[in-house]
Amino acid sequence: MPTAFRVAATLIALYASTMLAHAQSLPKEAATRAEIYPIPSLTLSDQQFLSGDAAAGKPVTVAGEFRVAQGTGKLPVVVLMHGSSGVGATTEAWVHAFNAMGISTFVIDGFTGRGLTVVGPNQALLGRLNLIIDIYRSLEILAKHPRVDPDRIVLMGFSRGGQATLYASLERFNKLWNKSGIQFAAYVPFYPDCSTTYVGDSEVTARPIRIFHGTPDDYNPVKSCKAFVERLKSAGRDVVLTEYPDSAHGFDSGLLGVSTVAVSANAQTVRNCKIKEGDGGVLMNGDTNAPFTYKDSCVELNPHVGGNPKTAAESRKAVEEFLQVLFKLG
């Protein structure tokens with residue numbers, strides 16, 4: 001073998017061993033690689049979403065951060081969808097927890113590309129169902145990724161993102177908008193809003209749904225979720241609602257040590273609204289039978305948010321144990 005080739009081979013071997021040593025020295029919650037993806041999506045109204053009117057949507061590019069966990073080959077993934085305040089610090093706590101398990105993560109940012117930072121005080125800035133488009137488009141990216149096991153991708157979301165996670169499970173919505181060729185292995189919504197009734201919403205995909213909620217939540221009350229869960233159970237669906245007492249909206253911020261509860265100033269809540277899908281995909285106010293808007297009298301302000309370290313840890317343990325079994329992790 002010529003000297004140049006021997007030197008090159010030695011350098012390659014040295015580089016590989018150095019990289020291996022570096023990888024072995026990483027803390028387990030650290031990803032081996034981060035990739036940022038543009039996600040071609042649409043901004044559209046709820047009526048356009050419900051009627052499948054893609055042509056009326058405004059093209060937009062949002063973004064996703066894919067962190068490849070330590071490990072080899074095709075790995076499982078948790079896709080995370082943020083709430084009304086965008087991607088926050090609590091998301092990072094969940095990313096570290098999953099990466100430590102050898103699970104890769106894909107965090108969607110559905111706001112920045114649309115020029116948004118928060119929508120809590122004005123939920124009309126973005127259609128209630130819009131984040132589901134971003135979710136399905138992200139699934140298209142992951143379905144083709146060489147380091148992703150397409151049969152082991154779970155969707156998890158929080159508040160508005162929890163609502164998107166819950167309703168992304170509908171068969172109807174998958175048929176309308178999911179062009180990835182695959183389905184999520186499970187859906188894990190945290191404190192979603194379940195106040196809206198959609199046509200055919202008890203027909204969800206044959207995948208587990210695990211909802212986590214707080215009893216005193218006055219942003220998205222658990223009562224409406226209980227009613228939806230009972231309808232799903234009556235339809236024979238695999239759904240479980242875990243309810244935590246003394247846990248306000250956003251209780252998993254307790255993963256960061258947050259233990260106080262405060263008013264989310266001027267944030268809109270539909271806790272006293274009954275919203276239902278009417279003809280032509282129009283969302284209707286169930287009390288007035290008029291098209292729903294965020295100016296309706298049932299829309300209120302100033303719900304509470306806050307963390308609970310104890311129940312945050314309990315919910316993390318429950319999610320980790322669920323994924324351990326679902327993903328068949330060693």
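# Exercises on helices and strands

Lys-223 and Ser-234 are exposed on the side of helix α7 that lies opposite its buried residues. The model is predicted, so local features need pLDDT of at least 70 and side-chain atom pairs count only at pLDDT 80 or more, while totals for chains, interfaces and linings use all residues. Residues are numbered from 1 along each chain as its sequence is written, and side-chain values use heavy atoms, without hydrogens and water.

**Exercise 1.** Determine which residues of α7 are buried and which elements they pack against.

*Solution.* Step 1: helices (H or I, at least four residues) and strands (E, at least two) are DSSP runs, numbered from the N terminus. Helix α7 comprises 13 residues, 222–234, and its first and last C-alpha atoms lie 18 Å apart, close to the 18 Å expected at 1.5 Å a residue; the expected span is 1.5 Å times one less than the number of residues.
Step 2: buried means under 20% relative accessible area, exposed over 50%, and partly exposed in between (1.4 Å probe, protein chains only). By this criterion Val-222, Cys-225, Phe-228, Val-229 and Leu-232 of α7 are buried. They cover an arc of only 115 degrees around the axis and therefore lie on the same side of α7; the arc is that of the directions from the helix axis to the C-beta atoms.
Step 3: these buried residues pack against α5 (160–167), β8 (209–214) and β9 (239–244), where contact means heavy atoms within 4.5 Å.
Step 4: after α7 comes Gly-236, with a positive phi near 80 degrees.

**Exercise 2.** Describe how α4 (residues 130–143) and α5 cross.

*Solution.* Step 1: the two axes come within 9 Å and cross at roughly 65 degrees. Axes are lines fitted to C-alpha atoms, for helices over the stretch in contact, and angles run from 0 to 180 degrees between N-to-C directions.
Step 2: the crossing of α4 past α5 is right-handed. A crossing is left-handed if the near helix is turned anticlockwise from the far one by less than a right angle, and right-handed if clockwise.
Step 3: α4 contributes Leu-131, Ile-132 and Ile-135 to the contact, and α5 contributes Arg-160, Gly-161, Ala-164, Thr-165 and Tyr-167.

**Exercise 3.** Place strand β6 (residues 186–190) in its surroundings.

*Solution.* Step 1: 5 of the 5 residues of β6 are buried, so the strand is largely enclosed by the rest of the structure.
Step 2: Ala-186, Val-188 and Phe-190 point one way, Tyr-187 and Pro-189 the other way.
Step 3: two strands pair if DSSP finds at least two bridges between them. β6 pairs in the parallel sense with β5 (residues 148–158) over 5 bridges, and Val-188 is the bridge partner of Met-156.
Step 4: β6 also pairs in the parallel sense with β8, over 2 bridges, and Tyr-187 stands opposite Ile-209.

**Exercise 4.** Identify the edge strands of the open sheet with the order β7-β12-β13.

*Solution.* Step 1: this open sheet has 3 strands and mixed pairing.
Step 2: β7 (196–197) and β13 (283–285) stand at the edges; each has a single partner strand, so one side of each is left without a neighbour in the sheet.
Step 3: β7 pairs with β12 (residues 275–277) in the parallel sense over 2 bridges, and Thr-197 stands opposite Lys-276 in β12.
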